[in-house]
Structure formats: structure tokens, C-alpha cells
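Visitor: Please take a close look at one part of this model, its nonpolar packing, and connect what you find there with the strands and helices.

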Amino acid sequence: MSQGPRSGLAAVSTALLAMSRHLEVRDVLKTIVASARELLDAQYAALGVPDDHGGFAQFVVDGVSEEQWKAIGPLPRQHGILASMLQEARFERLADVRHDPRFEGWPSAHPEMSDFLGLPVRDGDEVIAALFLANKNCARPEGGCGFTEDDEELLSILAQHAAIALTNARLYERSRELTIAEERSRLAHELHDAVSQKLFSLRLTAQAAAALVDRDPARAKDELQQVAALAAEAADELRAAVVELRPAALDEDGLVATLRTHIQVLDRAHTARVTFTGQGVRALPAAQEEALLRVAQEALHNALRHSGAQRVEVTLGRRGPDTFLRVTDDGGGFDPTTVRRAGRHLGLVSMRDRASGVGGRLTVRSAPGEGTTIEMEAPGG
């Protein structure tokens, strides 16, 4: 390769090692794109994972600022050069993409691109992504320089390993989702065994009280007291079964990794964009980690099911000696006082109980048309 054997092999080795370190799909995609741009010395790199509807399920870029990316707008469709790479499964190396007959223009905020190198990422016969780079960083005498055959060969090697890394990450996440499903099934059986017999006794006792209320009020009163006692026992057993079931992923991966994986699954499953930022948080006591996770899950459920949000942002970080969790959405919002008066809590009572149960506090900020922010603070971290 034109870089020289030692530097070229070292760069490729670094890129491949970086890709193999990650198990979450989104992290793998970001690493592939960043590695490709650095390895081939390009201004821009992107990778798109196609969906089944003529668009992209995921599209990751490197070299474009967050502000630029927001200004560009919705994810691209599978047309032009992108469609060619996905449908014909071949390399595209162009001196100036703007002169290609398939070029259909950019959104107004899109950066200008000229020289172009792209190829499909394949898992066997299946095209699982399209990887491309634009604007080679080099001196541009008249006629330009652009990407070379060496670049094409290098990107081909990278794409082969990218396919392996991406497939492994998908298998890992699928395995995690199956584990979650199995855990839910186990919980259902535990709850059934623990509570169903108590509820059956409660129903029989209530029926006996109803039969006695007219002819023997004293005995009916005794039966009703028994109903109350049985109901309290059933509630205690139900609460114990739920509280004792600490999510397995927390024990294995910790709070940050568990939240990141959960949010990535939600991001794939919903049309809303769901993002996670977690920095500087150390391990917390088990009860606090579980409380933070449960509050995040409840807040995410509300945002994705009820608010109509297009974007949901989850942040986990430190504030002084404490750990904070913030879930913000751009949905329809609500009046918290009206929700309380109407008897609809949207899980707010449960979230406040979880926060206070570990010495923390919950703050809810929302108004109609202004989205919602739910924040929990917990000591330590």
C-alpha cells in the first residue's frame, strides 16, 4: 500500500481491534465509520443500514458536526449511488460524484462532496450496509487526486471485518433480548405461584362474607377482616417478587451498559430517535442502580407510548456528589397537576417512590406542547 507496509498494517490493525471491542450495534457502526475515515484520510464517511421500506434503519456519519447533521434533515432514501451499491453490490469509485448521471443533489445543508468511494458491506450473499467516503484529504493540483486502487483494496479489507463485527453485535443484542424475554416469562410464573393461591382464598372469603352479611353480621365482619389480611399478604408477596427480581443485566454489565443496550433496542423498535449519554458514573449500590433503571424505563415508556415525541434523550451523569438521570422528550407534554386530579399518574407515583426509597428525589417538568423532562437524583456515584 502507498502508506508503506509498516504504517499501513499498523493502521489496519488498530482499526480492526477497535471494531472488535464493541458489542452494541450502534457503537460498532460508529467505530466502522470513524476507522474508515481515518484509515483512508477522507473528510467524510458514512454507513447506512437499509430497512425494508426503501430507506435506512440506521445511518451513521463521521466528519459532519451535530449541528450540520440536524440541519440536513431526515435520513436519506435508497436512491442514486446509495441504491447502486445496495442493489448491484459493487464498488463505486468516482472522481466527482456530482457528475455521475445517478446523482440527484444534496439537501441545502449538506456539505459539498466530490471524489467518492463506496462499497456494500456483505454477510455472505446479503448486503447488510453501504459504506462510503468522500473528499480525499490531499493536495489538489489541476485534475485532483481522489481515491486510488490502494484505497479501494484497503476499504474492501475493512468492510469484510466490519461485516463480521456488525453480525456479531446483532447476535449479541438478539441474545440479550431473548434473555430479557425469558426473564419476563420467569417473573410471570413466579408471580403466579406466589400470589394466585392467596387470591383464590381471598375470593372465597369475600364470597362467604357476602353470604353472611344479612343473617350473621358479626361473622361477616370477621370474614371481611380476613379479606383485608389476605389482601395485605398478597400485596406483600407481589411486592417481594418484583423487588427481589434485580435485572440480570445490571449484575453482569452495570447500570451504564444496561441502560445503553435498553435504549438501543428502543431506538430500533420505535420511529422516535432515542439517544443515551452516560459519562463519569461509577458503580452504585444495587438498590440505587435498580431504582435509576426502573425510573428510566417508566419515563421512556411514557415518552414513547403517550407523548408523540420524535426525539427522546436520556442522560446519566454526576452532579457534585450525586448521580442524576434525566429523560427529556419533545412530545406533547402535560399538566402534572391535571394528571394527578384526573387520577392518571403516568407512573409518576411509582417513580417518586423508587427515588425516595433510595434517598433520592424525582423532579417532573412538563407543560402542554412543551415536552417533558423527568429527572431523578440519587446519592453517590
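Guide: A residue counts as buried when its relative accessible area is under 20%, as exposed when that area is over 50%, and as partly exposed in between. The model is a predicted one, and a convenient way into its packing is Thr258, which belongs to helix H7, residues 248-269. With a relative accessible area of 8%, Thr258 falls under the 20% cut-off and is therefore buried. Its side chain comes to 2.7 Å from the backbone oxygen of Gly254.

Leu259 is one of the residues with the most contacts inside the largest nonpolar core, which has 35 residues; the others named for this are Leu255, Leu300, Val312, Leu325, Leu362 and Met376. Two or more residues of this core come from each of H7, strand S6 (273-278), helix H8 (286-306), strand S7 (311-319), strand S8 (322-329), helix H10 (348-357), strand S9 (361-366) and strand S10 (372-379). The most is given by H8, with nine residues. Once neighbours within four places in sequence are set aside, Leu259 is in contact with Phe276, Leu293, Ala296, Leu316 and Leu325.

Strand S9 shows how a strand can present one face to the interior. In a regular strand, side chains alternate between the two faces of the sheet. Along S9, Leu362, Val364 and Ser366 point to one face and are buried, whereas Arg361, Thr363 and Arg365 point to the other face and are not. S9 pairs with S10 in the antiparallel sense over six bridges, and within that pairing Met376 of S10 is the bridge partner of Leu362. Leu362 and Met376 are also both among the residues with the most contacts inside the core. Five residues separate S9 from S10 in the hairpin that they form, and in its turn Gly369 has a positive phi of about 80°.

The packing has another part as well: a second core, separate from the one just described, has 30 residues, including Val28, Ile128, Ala129 and Leu154.

Turning to the other strands, five of them form an open sheet with antiparallel pairing, in the order S2-S1-S5-S4-S3. Strand S2 (56-62) and strand S3 (92-94) are the edge strands; each has a single partner strand, so one side of each is left without a neighbour in the sheet. Averaged over this sheet, neighbouring strands are turned by 15° against each other when direction is ignored. At one edge, S3 pairs with strand S4, residues 116-123, in the antiparallel sense over three bridges, and there Leu94 stands opposite Phe116 of S4.

Two helices lie across strands of this sheet. Helix H2 lies across S1, S2, S4 and S5 and runs at about 150° to S1, while helix H4, residues 80-88, lies across S1, S2, S3, S4 and S5 and runs at about 140° to S5.

Two backbone details complete the view. Asp41, in the loop between H2 (25-40) and strand S1 (42-50), has a phi near 55°, which is positive in a residue other than glycine; Asp41 is partly exposed, with a relative accessible area of 37%. Asn135, in strand S5 (residues 126-136), also is not a glycine and has a positive phi, of about 65°, but Asn135 is buried, with a relative accessible area of 7%.

Note on methods:
Residues are numbered from 1 along each chain as its sequence is written. This is a predicted model: local features need pLDDT of at least 70, side-chain atom pairs count only at pLDDT 80 or more; totals for chains, interfaces and linings use all residues. Side-chain values use heavy atoms; hydrogens and water are left out. Helices (H or I, at least four residues) and strands (E, at least two) are DSSP runs, numbered from the N terminus. Buried means under 20% relative accessible area, exposed over 50%, partly exposed in between (1.4 Å probe, protein chains only). A polar contact is a pair of N or O atoms within 3.5 Å; within protein, one must be able to donate a hydrogen and the other to accept it, and residues adjacent in sequence count only if both atoms are side-chain atoms. A nonpolar core is a set of buried Ala, Val, Leu, Ile, Met, Phe, Trp, Tyr and Cys residues joined through side-chain atoms within 4.5 Å. Contact means heavy atoms within 4.5 Å. Two strands pair if DSSP finds at least two bridges between them. Axes are lines fitted to C-alpha atoms, for helices over the stretch in contact, and angles run from 0 to 180 degrees between N-to-C directions.
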